[in-house]
Amino acid sequence: MKLHWSGRSPFVRKVMVAAHELGLVDRLKLVRSVVAMNAPNRELMRDNPLSRIPTLVLDDGTVLTDSLLICEYLQVQAGGNLLFPANTAGRIDALRRHALGTGFIEVTVLRRNELNRAPEQRSPAHVDAYAAKFAATLPALEREAPTLKAKSIDVGHIAIGCALSYLDFRFADEPWRPAYPALAGWHEAFAARPSMHATVPVDG
Ligand SMILES: N[C@@H](CCC(=O)N[C@@H](CS)C(=O)NCC(=O)O)C(=O)O
């Protein structure tokens, strides 16, 4: 399987953590694909017209896009239900936490993109809106800490863990741990997993 990959994408990291947890990482052939919202990658677009990563190309040519779908495909390949609980209540809860974590990644990426624009091109309304959503999500995640601790890993843990590690990678000058101790405690343990160690973000 070919995975359009980048070592700095938190969405790609979700897939890589899942692949490590499921013992499938050796089945992935990583292809470094550079993306930017304002610069479509023509090579990548042959596989994914949306020019987004992660994009997984199966051996029969089928293309899977979106990190959650790719995680679910990997789970099916591995068998079992480690990342997607079999019982309905557990599955809905995992997907609920996944949506919160992935939504946080989306807001954080948008916020960073806006802040990276030249000052005269920035939209103050967007900067303020992203900052407000960012600030409101951290306390919501703090309230999730007991639920996160109740189970070792599923797709919800992966999304929230990768979201928080993305803050450390891109917003290191905005320390979040002092205000959110329960979340910080959970993240410290989660970040110690071999799957997280193996996928530490890299620029370039
Ligand atoms: N919902 C998608 C989002 C993927 C995404 O936005 N990836 C970013 C990289 S971090 C990207 O490809 N951006 C380029 C673009 O949107 O043109 C997923 O979960 O895989």
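Reader: In this predicted model, which residue has a polar backbone atom 2.8 Å from a nitrogen atom of the ligand?

Author: The model is predicted, not taken from an experiment. The atom on the protein side belongs to the backbone and is polar, and its partner is a ligand nitrogen 2.8 Å away. The residue is isoleucine 53.

Reader: How much of the ligand's accessible area does the protein cover?

Author: On its own, the ligand has 510 Å² of accessible area. The share of this that the protein covers is 85%.

Reader: Which residue has a polar side-chain atom 2.6 Å from an oxygen atom of the ligand?

Author: Two side chains come into view here. Aspartate 66 has a polar side-chain atom 2.9 Å from a ligand nitrogen, so the cut-off of 3.5 Å for a polar contact is met. The one facing a ligand oxygen, at 2.6 Å, is serine 67.

Reader: How many nonpolar residues are in the shell around the ligand?

Author: The ligand sits in the largest pocket. Its surroundings include Phe11, Val35, Met37 and Pro54. By class, the shell has three polar residues, two charged ones, and nonpolar ones numbering six.

Reader: Is arginine 97 buried or exposed?

Author: Arginine 97 is part of helix 4, which covers residues 88–116. Its relative accessibility is 3%. Buried means under 20%, so arginine 97 counts as buried.

Reader: Which residue's side chain is joined to that of arginine 97 by a polar contact of 3.4 Å?

Author: The contact links two side chains, and one of them is that of arginine 97. The other, 3.4 Å away, belongs to histidine 157.

Notes: Residues numbered from 1 in each chain as written. Predicted model: local features only at pLDDT ≥ 70, side-chain atom pairs only at ≥ 80, totals over all residues. Heavy atoms only, no water. Near = heavy atom within 4 Å. Polar contact = N/O pair within 3.5 Å; in protein donor to acceptor, adjacent residues only side chain to side chain. Areas by Shrake-Rupley, 256 points an atom, 1.4 Å probe, with all protein chains shown as cover. 1 Å grid on protein atoms, 1.4 Å probe; cavity = no way out; pocket = protein on both sides within 12 Å on 5 of 7 lines; lining within 4 Å. Sits in = over half its atoms within 2 Å of the grid points. Nonpolar A, V, L, I, M, F, W, Y, C, P; charged D, E, K, R; others polar. Helix = DSSP H or I, 4+ residues; strand = E, 2+ residues; numbered from the N terminus. Buried < 20%, exposed > 50% of the residue type's maximum accessible area, 1.4 Å probe, protein only.
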